[in-house]
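Subject: The structure I said I'd send

Hi,

Here's the structure I promised you. Have a look at it first, and then read on for what I found when I went through it.

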Amino acid sequence: MLLFQAESKIAGYGLFSSYKIKKGTKILQFSGDICTTQELKEKYEHEEANYAVQFHPDYYLTPTDNLDSFVNHSCDPNAGIKIKSFGNVELCAMRDIASEEEITFDYSTSQVEFWTIGCGCRAKNCRKVVESAEFLPRKRALYYFVKGFMPWYAFKSSMVDALFD
C-alpha cells in the first residue's frame with residue numbers, strides 16, 4: 001500500500017492510498033512523542049494541538065510531520081483508530097476504501113479534553129462542529145465502540161449524560 005498526501009476537499013492536505021484498502025486493514029501507525037494533557041497545552045498552540053492524537057484520558061501522541069498528521073476528520077469516516085497498548089495507536093479501515101479516496105477518521109472518537117473545531121467534511125451526516133466525545137451522538141458513539149474504533153474512556157465520556165436522562 002502506498003500512502004501519500006494530496007490536496008483535500010475537506011481541509012488543506014489529506015491522506016490517500018494509491019491502492020484499494022480492505023476493511024480491517026491497518027493503514028498506519030501513529031507516531032509522535034507521548035505527552036500529558038498539560039504538556040500538550042504548554043508546548044503547542046491550539047491549532048497545532050488539534051493534530052495530536054489522544055489515546056488515554058491523560059496522554060497524547062504529539063503532532064508530527066509524518067503522514068499520520070494528514071488524516072482529516074469526517075463525520076462519516078472510512079477509518080478509525082485502534083489503541084493497541086499505551087502509546088501504540090493504529091489507523092485501520094472501517095470499510096473498504098477505494099484507490100485515491102481520502103482516508104479519514106472521526107476525531108471525536110478519542111478526544112475527551114473539551115475542544116471544538118469547525119467541520120468541512122461535507123458528509124450527509126455532517127455535524128458542522130467537531131467536539132470532544134461527550135458531544136458525539138450516543139448512537140454513533142455506540143456504533144464506534146462496538147466496532148472497536150472508540151476507546152473505553154471516550155465511550156464512557158460520551159455516555160455520562162445518558163445516566164441522567
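Let's start in the middle of a sheet: strand β7 (residues 72–73) pairs with β10 in the parallel sense, over two bridges. The partner of Asn72 in that pairing is Thr104 of β10. Before you go further, keep in mind that this is a predicted model.

β10 has another partner too. Strand β2 (residues 13–17) is joined to β10 by two bridges, and here the strands run antiparallel. Phe16 has Glu102 in β10 as its bridge partner. So what about the two faces of β10 (residues 102–105), are they covered or open? Both are covered: Glu102 and Thr104 are buried on one side, and Ile103 and Phe105 are buried on the other.

Just along from β7 you'll find Ser74, in the loop between β7 and β8. Its relative accessible area is 6%, so Ser74 counts as buried, the cut-off being under 20%. What does Ser74 touch, apart from residues up to four places away in sequence? The list is Thr104, Phe105, Asp106, Cys121 and Ala123. Thr104 and Phe105 also belong to the buried residues of β10, which ties this loop to the strand we started with. One more distance for Ser74: Pro57 is 17 residues away in sequence, and the two C-alpha atoms are 22 Å apart in space.

Another residue to click on is Glu90, which sits in strand β9 (residues 88–93). Is Glu90 buried or exposed? Buried, because its relative accessibility is 12% and the limit is 20%. If you skip its neighbours within four places in sequence, Glu90 is in contact with Lys26, Leu28, Gln29, Phe30, Gly80, Ile81, Lys82 and Lys84. Among them, Gly80, Ile81, Lys82 and Lys84 fall within the range of β8 (79–85).

β8 comes up again with helix α4 (residues 152–159), which is mostly covered, with six of its eight residues buried. Those six are Tyr153, Ala154, Phe155, Ser157, Ser158 and Met159. What do they pack against? The buried residues of α4 lie against β5 (53–56), β8 (79–85) and α3 (138–147).

There's also a bit of enclosed space. The count is one cavity of 30 Å³ or more, and about 50 Å³ of space lies in the largest cavity. Its lining is made up of Phe30, Ser31, Tyr51, Val53, Leu61, Thr62, Pro63, Thr64, Asp68 and Ser69. By class, that gives five nonpolar residues, four polar and one charged. Two of those names link back to the regions above: Phe30 is one of the contacts of Glu90, and Val53 is in the range of β5, one of the elements that α4 packs against.

Finally, the overall picture. The chain has four helices and 12 strands, and its C-alpha trace spans about 45 × 35 × 30 Å along the principal axes. With 165 residues, a compact globule would have a radius of gyration near 15 Å, and the chain agrees because its own value is 15 Å. Of the 165 residues, 47% count as buried. Looking at contacts between residues at least 6 apart in sequence, 63% join residues at least 24 apart.

Have fun clicking around!

Cheers

Note on methods. Residues numbered from 1 in each chain as written. Predicted model: local features only at pLDDT ≥ 70, side-chain atom pairs only at ≥ 80, totals over all residues. Heavy atoms only, no water. 1 Å grid on protein atoms, 1.4 Å probe; cavity = no way out; pocket = protein on both sides within 12 Å on 5 of 7 lines; lining within 4 Å. Points joined across faces, edges and corners; volume = space filled by probe spheres on them. Nonpolar A, V, L, I, M, F, W, Y, C, P; charged D, E, K, R; others polar. Buried < 20%, exposed > 50% of the residue type's maximum accessible area, 1.4 Å probe, protein only. Pairing = 2+ DSSP bridges. Rg over C-alpha atoms; globule rule 2.2 N^0.38 Å. Contact = heavy atoms within 4.5 Å.
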